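Hi,

Here is the structure I promised to pass on, with my notes on it underneath. Please have a look at the coordinates first, then read on.

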Amino acid sequence: MDRIQKQDIHHIYSMYNVLGRRWMTDWNKRTTMNVPHTHFMALEILELEGPQRATVLANTLAITSGGVTVMTDKLVKSELVKRVMQEDDRRVVMLEITEKGRAVLFELQEQRTIMIDNLMKDLTESEVQELLRIYKKLLDAHQD
């Protein structure tokens with residue numbers, strides 16, 4: 001605590017929260033597909049990491065098991081994700097992105113790129129790289 005002044009902690013916390021709220025507001029305004037950000041993140045995880053159990057997805061997204069169930073039901077109903085039972089153990093249900101889900105994900109990734117570019121437009125390339133370095137350092141130091 002002595003290393004960082006209370007006032008600096010307050011500023012870091014406040015700015016982080018303001019940027020987070022602005023990001024979510026921008027996401028909700030700009031995305032034309034009406035897909036909540038958590039659903040987008042779930043689609044991206046399923047695309048990058050392959051089929052996942054709902055509990056693993058919940059942990060990765062830091063949401064409750066009830067939250068992931070509601071989200072999964074909506075994604076399945078929208079045909080963006082499908083539930084796949086394991087042949088060797090039918091109790092195990094994996095969530096898998098569909099082709100429609102991949103198409104939606106691609107469009108959302110394009111929209112995210114535009115939003116991030118807009119958010120970072122006043123930063124130089126070296127400032128963006130420094131921000132990435134700091135985020136990586138914080139994430140590496142605080143892995144679960």
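**What I found**

The side chains of His37 and Trp23 make a polar contact with each other, at 3.5 Å. Please keep in mind that this is a predicted model.

To stay with His37 for a moment: this residue belongs to helix H2, which covers residues 37–49. Is His37 buried or exposed? Its relative accessibility is 14%, and because buried means under 20%, His37 counts as buried. Setting aside neighbours within four places in sequence, the residues in contact with His37 are Trp23, Met24 and Trp27. Trp23 therefore turns up twice, as a contact of His37 and as its polar partner.

Just before that helix, there is Met33 to look at. Met33 sits in the loop that runs between helix H1 (6–30) and H2. With a relative accessibility of 30%, Met33 counts as partly exposed. Which residues does Met33 contact, once neighbours within four places in sequence are left out? They are Val104, Glu107, Leu108 and Gln111. For Gln111 I also have a C-alpha distance: Met33 and Gln111 are 78 residues apart along the chain, and their C-alpha atoms are separated by 10.0 Å.

Now for the protein as a whole. Six helices and three strands make up its secondary structure, and along the sequence they come in the order α-α-β-α-α-β-β-α-α. The radius of gyration is 18 Å, whereas the globule rule gives 15 Å for 144 residues, so the protein is more spread out than a compact globule. The C-alpha trace spans about 55 × 35 × 25 Å along the principal axes.

A few totals may be handy for your own set-up:

- Of the 144 residues in the protein, 24% are buried.
- Among contacts with a separation of 6 or more, 50% are between residues 24 or more positions apart.
- The exposed area is about 10900 Å², with carbon and sulfur atoms supplying 55% of it.
- There are 20 positive and 22 negative side chains, and the centres of these two sets lie 6 Å apart.

If you open the model with one view in mind, I would suggest His37 with Trp23, Met24 and Trp27 around it, and then Met33 with its contacts Val104, Glu107, Leu108 and Gln111.

Best wishes, and happy browsing!

Notes: Residues are numbered from 1 along each chain as its sequence is written. This is a predicted model: local features need pLDDT of at least 70, side-chain atom pairs count only at pLDDT 80 or more; totals for chains, interfaces and linings use all residues. Side-chain values use heavy atoms; hydrogens and water are left out. Helices (H or I, at least four residues) and strands (E, at least two) are DSSP runs, numbered from the N terminus. The radius of gyration is taken over C-alpha atoms; the globule rule is 2.2 Å times the number of residues to the power 0.38. Buried means under 20% relative accessible area, exposed over 50%, partly exposed in between (1.4 Å probe, protein chains only). Contact means heavy atoms within 4.5 Å. Accessible areas come from the Shrake-Rupley method with a 1.4 Å probe; for residues, only the protein chains shown count as cover. Lys and Arg count as positive and Asp and Glu as negative; His and the chain ends are not counted. The place of a charge is taken as NZ of Lys, CZ of Arg, CG of Asp or CD of Glu. A polar contact is a pair of N or O atoms within 3.5 Å; within protein, one must be able to donate a hydrogen and the other to accept it, and residues adjacent in sequence count only if both atoms are side-chain atoms.
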